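User: I've got a model open and I'd like to learn how to read it. Can you walk me through it, starting with the fold?

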2 protein chains.
Amino acid sequence: MRIGELASHTGVATKTLRFYEESGVLPGPDRDANGYRNYSSEFVDRINFVKDAQSAGLTLKEIANILELRDRGESTCHHTMELLEAHLVDLDRQIVELERTRRQLVAMTRRAAQMDPAECVDPNRCQTISG
Amino acid sequence: MRIGELASHTGVATKTLRFYEESGVLPGPDRDANGYRNYSSEFVDRINFVKDAQSAGLTLKEIANILELRDRGESTCHHTMELLEAHLVDLDRQIVELERTRRQLVAMTRRAAQMDPAECVDPNRCQTISG
DNA sequence: CTACACCTTCCAGTGCACTGGAAGGTCAAG
DNA sequence: CTTGACCTTCCAGTGCACTGGAAGGTGTAG
């Protein structure tokens with residue numbers, strides 16, 4: 001699979017794929033005779049892992065680290081677990097925070113919706129936010 | 001309240017507070033005769049709002065925008081609501097994503113915990129991640 | 001032969017949210 | 001009178017995750 005194909009399969013720009021390779025997140029793939037990158041389908045999985053890990057708040061460096069450990073297949077389960085567990089804690093905190101903020105925003109929006117539009121022109125306060 | 005005091009009250013560095021002022025997130029506070037910033041206690045609330053909004057995924061620019069509208073007290077409820085609602089949708093998507101990733105990580109960690117440590121040294125795969 | 005989409009490398013720039021450091025002013029305590 | 005903590009401005013740098021553009025090679029279709 002060429003880089004453009006992989007890009008459209010994963011929704012990740014070709015620029016970004018090359019950047020990931022340079023950052024150590026993706027290994028350098030095989031090359032065709034003409035020098036074009038030739039990706040195996042495993043790259044799709046790897047990129048999906050990267051996306052998941054990223055949305056879990058891991059940096060590219062951390063992701064590269066995990067994947068490198070995985071690739072080396074060394075007895076790194078312990079380190080990996082520690083990293084994952086730390087991020088799990090972080091993730092939980094984040095989810096709680098987001099839910100709290102979500103509730104706040106819902107309340108704000110509801111307050112705004114129920115308001116007499118005329119009251120919006122109060123020169124000193126916008127009830128949606130300040131209430 | 002001076003900037004250092006505000007910093008310790010909010011957990012936001014003095015550098016960051018000045019940066020927020022420059023970015024329009026915080027209004028320029030009163031100044032003492034010696035030129036020192038003198039913050040009213042309202043700033044604590046405002047900074048907490050900034051923190052909440054930030055953890056909800058709003059950029060400083062958007063936050064500055066909302067607060068500016070609020071400060072002007074104009075009939076901006078509609079715009080504010082649109083912005084908030086857009087971010088609510090975003091937030092929900094984010095929470096779902098995080099929960100999905102969370103489940104994945106939990107599964108990973110559990111798999112790792114149940115594993116015979118000896119299996120970790122398999123030269124080709126780390127079961128924690130690749131399984 | 002040419003147009004065109006696609007690929008290559010390399011290097012520079014972007015946007016965000018800070019963060020550091022220099023150079024200097026203020027003020028209470030010792 | 002000095003030390004030290006705190007404050008000021010200004011400008012530059014950092015780290016992250018891309019993103020753009022130049023200059024050129026490849027390969028197929030018309």
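Analyst: Sure. Helices (at least four residues) and strands (at least two) are taken as DSSP runs and numbered from the N terminus. Keep in mind that this is a predicted model. Along the sequence, chain A runs α-α-β-β-α-α-α-α, which comes to 6 helices and 2 strands.

User: How much of chain A counts as buried?

Analyst: Burial is judged by neighbours: a residue is buried if 20 or more other C-beta atoms lie within 10 Å of its own. By that test, 24% of the 131 residues in chain A are buried. For contacts, look at sequence separation: of those in chain A between residues at least 6 apart, 42% join residues at least 24 apart.

User: Now the DNA. Which residues are closest to strand C?

Analyst: Start with the set of residues around the strand, then ask which elements supply them. DNA strand C has 17 residues around it, with A:Arg2, A:Gly4, A:Arg37, B:Asn34 and B:Leu60 the closest. Two or more residues each come from α1 (3-10) and α2 (14-23) of chain A, and from α2 (14-23) and α4 (60-72) of chain B. By type, that surface has 5 nonpolar, 6 polar and 6 charged residues.

User: And what surrounds strand D?

Analyst: Read it the same way. Around DNA strand D there are 18 residues, and the closest are A:Asn34, A:Leu60, B:Arg2, B:Gly4 and B:Arg37. Here chain A gives two or more residues from each of α2 and α4 (60-72), while chain B does so from α1 (3-10) and α2.

User: How does that surface divide by residue type?

Analyst: Near strand D, you'll find 6 nonpolar, 6 polar and 6 charged residues.

Terms used. Residues numbered from 1 in each chain as written. Chains lettered and ligands numbered in written order. Predicted model: local features only at pLDDT ≥ 70, side-chain atom pairs only at ≥ 80, totals over all residues. Near = placed C-beta within 6 Å. Nonpolar A, V, L, I, M, F, W, Y, C, P; charged D, E, K, R; others polar. Buried ≥ 20, exposed ≤ 12 C-beta atoms within 10 Å, placed from the backbone. Contact = placed C-beta atoms within 7 Å.
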